Amino acid sequence: MADTDDLKDAKAFHAEIPQESSAFFLKGANALGWGMQNRLSRIFNPRSGRTVMLAIDHGYFLGTTTGLERIDLTIRPLIPYADSLMLTRGILRTVIPPTASSSIVLRVSGGSSILKELSNEEIAVDIEDSLRLNVCAMAVQVFVGGEFERQSIINMTRMVDMGLRYGVPTLGVTAVGKEMARDARYFRLATRICAELGAQYVKTYYVEQGFDTVCASCPVPIVMAGGKKIPELDALTMAYRAVQEGAAGVDMGRNIFQADAPAAMIRAVRAVVHDHETPAKALDLYETLRRQPKR
């Protein structure tokens, strides 16, 4: 109860110490509300300001994917090493244990399979279900230059509006069609559109020429997409260059779960992203962990 009778002298006001007011650690996030900042700080490590996301949402348009045939067997052992899981609500509810400590980024757009025009997506998950699942962000595919460009952009802005209402960040995911150029000029366009229209962070691909300009011109954090499976050293080098050139982390899928030793690979990626290890040292770590007997 309150000390209404002044039975004890109050001496802990510390009037000589002003209350601290710290800036939030993520780029472009100072004006966001407490709930949204809290969710972002569960995706991005406040110590490093970066994230290692594990993307396993491929089935929403590809169906069964190599390495994801049995997510309960291949992915669950990787969860302790991922800052965040990017996945669908079906996999989250059926396979991922609710005791998992990794934050959740939920795929909320969809509607087309690999057999049809992929840009023809709509919002596929209600904000209320995202809240029921306690997600930290909602991921929407944006097809700048695609056949259904306008529809995909409106999908994202709708989720931004709903996310702002409830304190849930929106991740804009830039998609590249088969006929589109994968260069810095395109990615500057696509990422800036996502940020200008309210996405709290953006996922995009790495390009060897000008990726630093993509990151610099985007006013919110950029997370590098892993893309197709490439040799382990190449994947670690790509992650290293991305964060050195301004990315706030990576969202890798196939380069982790299709590796010969997925648990070793995600730990090597963490060493690059959070501990500033070089690709060569990270590869040494991968090989060391890969040779260790399985428990």
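1. A surface patch, as used here, is built from residues with over 30% relative accessible area and no salt bridge, with nonpolar side chains joined within 5 Å. In this predicted model, Leu-62, Ile-114 and Leu-115 make up such a nonpolar patch. Together they offer about 310 Å² of accessible area. Look at Leu-115 as an example. Leu-115 lies in the loop between β4 (109-110) and β5 (122-123). Its relative accessible area is 73%, so Leu-115 is exposed.

2. Now go to the opposite case. Is Val-105 buried or exposed? Val-105 has a relative accessible area of 0%, so it is buried. This residue belongs to strand β3 (residues 103-107). What does Val-105 touch, leaving out residues up to four places away in sequence? Its contacts are Ile-43, Met-53, Ser-84, Leu-85, Met-86, Leu-87, Ala-137, Ala-139, Leu-171 and Tyr-201. Pick out Ala-139 from that list. Val-105 and Ala-139 are 34 residues apart along the chain, yet their C-alpha atoms are separated by 6.5 Å.

3. Next, strand β10, which covers residues 249-252. Its side chains alternate in direction: Gly-249 and Asp-251 point one way, and Val-250 and Met-252 point the other way. All four are buried. Strand β10 has a partner in β1 (residues 51-55). These two strands run parallel and are joined by four bridges. Within this pair, Val-52 stands opposite Val-250. Strand β10 also pairs with β9 (residues 222-225), again in the parallel sense, over two bridges. There, Ala-225 has Asp-251 as its bridge partner.

4. Follow the chain to His-58. His-58 sits in the loop between β1 and α2 (59-62). A loop position does not settle the exposure, so check the value: at 11% relative accessibility, His-58 counts as buried. Which residues is His-58 in contact with, leaving aside neighbours within four places in sequence? They are Gly-63, Thr-65, Leu-68, Gly-253, Arg-254 and Phe-257.

5. A check on the cysteines. How many disulfides are there? The count comes to zero. Why is there no bond between Cys-215 and Cys-218? A disulfide needs two cysteine sulfur atoms within 2.5 Å. The sulfur of Cys-215 has its closest cysteine sulfur in Cys-218, but the gap is 7.9 Å, so it is too far for a bond. From the other side, Cys-218 finds its closest cysteine sulfur in Cys-215, also too far at 7.9 Å. Both residues are under cover: Cys-215 is buried at 3% relative accessibility, and Cys-218 is buried at 0%.

6. Turn to charged pairs. The structure holds eleven salt bridges. One of them joins Arg-270 to Asp-83, with the closest N and O atoms 3.1 Å apart. This pair links distant parts of the chain, 187 residues apart. Arg-270 is in helix α11 (residues 262-275), while Asp-83 is in the loop between α3 (71-74) and β2 (84-87). The two ends have separate exposure labels. Arg-270 counts as partly exposed at 21% relative accessibility, whereas Asp-83 is buried at 14%. The cut-off helps here: buried means under 20%.

7. Asp-129 deserves its own point. Its side chain meets that of Arg-89 in a salt bridge of 2.8 Å, N to O. Arg-89 is in helix α4 (residues 89-94) and Asp-129 is in helix α5 (residues 127-132), 40 residues apart. Asp-129 also forms a salt bridge with Arg-93, at 2.6 Å, N to O. Arg-93 lies in helix α4 as well, 36 residues from Asp-129. How exposed are these residues? Asp-129 is buried at 5% relative accessibility. Arg-89 is partly exposed at 31%, and Arg-93 is partly exposed at 47%.

8. Last, put those pairs together. Which residues are linked in a network of salt bridges? The network contains Arg-89, Arg-93, Asp-129 and Arg-132. To trace it on the model, begin at Asp-129 in helix α5, then go across to Arg-93 in helix α4.

Terms used
Residues numbered from 1 in each chain as written. Predicted model: local features only at pLDDT ≥ 70, side-chain atom pairs only at ≥ 80, totals over all residues. Heavy atoms only, no water. Buried < 20%, exposed > 50% of the residue type's maximum accessible area, 1.4 Å probe, protein only. Contact = heavy atoms within 4.5 Å. Patch = residues over 30% accessible without salt bridge, like charges linked within 9 Å, V, L, I, M, F, W, Y side chains within 5 Å. Areas by Shrake-Rupley, 256 points an atom, 1.4 Å probe, with all protein chains shown as cover. Salt bridge = Lys/Arg side-chain N within 4 Å of Asp/Glu carboxyl O. Pairing = 2+ DSSP bridges.
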